[in-house]
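Hello,

I am passing a structure on to you, since you have not worked with it before. Please open it alongside this note and follow along as you read.

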Amino acid sequence: MARLGWMAAAGLSALALAGCQKTTEGAKAPAANAPAAASQAAANAPAAAPRRKPGLWQMSMSSEGVRQASAICVDADTDAKLGLAGQKPGANPCRENRITPRPGGGYDMESVCDLGEAGKMTAQGTLTGDLNAGYKVEMQSTTTGAAAPQMNGVRRIEMDAVWKGPCPAGMKPGDMQVAGMKMNLLDAQKRVRGGE
């Protein structure tokens with residue numbers, strides 16, 4: 001069970017990358033050269049966060065031989081709020097997030113996150129595949145300073161997701177099924193944020 005805890009923490013970096021964009025460089029341009037400045041700003045702008053096809057996505061995350069399966073129902077609004085991994089309750093703990101399109105398709109991803117007692121995490125990875133049918137996230141994370149020693153260290157995380165069709169009866173956008181339980185991540189997000 002402890003392993004699944006750090007897998008969830010590790011997956012948080014993938015979510016934060018997919019669901020939140022924050023640049024670490026500011027773009028300043030002289031007003032006299034507006035067309036060139038606009039072109040340069042567009043070239044330096046962060047990539048738009050990738051978005052999945054609405055419907056039911058089945059996901060499988062694995063690390064060090066441990067696999068956890070889940071399924072999430074998304075629409076455009078919940079996908080924008082939750083990110084690709086489908087688990088983003090509360091405020092984004094990552095001070096740096098970068099998603100950069102890769103030549104030939106896919107994205108390179110990086111993040112630096114402060115997870116409180118779960119430690120500080122840096123992560124780098126890639127997202128490949130088709131966000132209308134199936135995609136894969138491969139990440140390597142390094143965690144330091146976690147209160148539970150087993151959470152510290154370097155780990156490789158893989159997540160595969162497959163679109164299964166429209167959300168079934170009984171599931172609404174934001175609903176996630178994991179380990180035999182169902183919860184709505186948007187509701188959880190509101191509770192953590194104090195009812196926003």
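Below is what was found, starting with the sheet and ending with a few side chains.

Please keep in mind that this is a predicted model. Its open sheet has nine strands, in the order β3-β4-β5-β6-β7-β1-β2-β8-β9, and the pairing is antiparallel. At the edges you will find β3 (94–101) and β9, each of which pairs on one side only. On average, neighbouring strands of this sheet are turned by 20° against each other, direction ignored.

Two of the strand pairs are good places to look. Strand β5 (residues 120–130) runs antiparallel to strand β6 (residues 134–144), with eleven bridges between them; Thr 126 is found opposite Glu 138 in β6. Strands β8 (residues 175–178) and β9 (residues 181–184) are also an antiparallel pair, joined over four bridges. Here Gln 177 has Lys 182 in β9 as its bridge partner. β8 and β9 make a hairpin with two residues between them, and Ala 179 in the turn has a positive phi of about 50°.

Now for the side chains. The count of aromatic pairs comes to one: Trp 57 and Tyr 135 are tilted, 5.4 Å centre to centre with 55° between the planes. Trp 57 belongs to strand β1 (residues 55–63) and Tyr 135 to strand β6, so this pair ties together parts that are 78 residues apart in sequence. Trp 57 is buried, at a relative accessible area of 0%, and Tyr 135 is buried too, at 3%.

Finally, have a look at Lys 53: its charged end sits over the ring of Trp 163, 3.8 Å from the ring's centre.

Best wishes

How values were computed. Residues are numbered from 1 along each chain as its sequence is written. This is a predicted model: local features need pLDDT of at least 70, side-chain atom pairs count only at pLDDT 80 or more; totals for chains, interfaces and linings use all residues. Side-chain values use heavy atoms; hydrogens and water are left out. Two strands pair if DSSP finds at least two bridges between them. Axes are lines fitted to C-alpha atoms, for helices over the stretch in contact, and angles run from 0 to 180 degrees between N-to-C directions. Rings of Phe, Tyr and Trp (its six-membered ring) pair if their centres lie within 6.5 Å; planes under 30 degrees apart count as stacked, over 60 as edge-to-face and the rest as tilted. Buried means under 20% relative accessible area, exposed over 50%, partly exposed in between (1.4 Å probe, protein chains only). A charge sits over a ring if NZ of Lys or CZ of Arg is within 6 Å of the ring centre and within 35 degrees of the ring normal.
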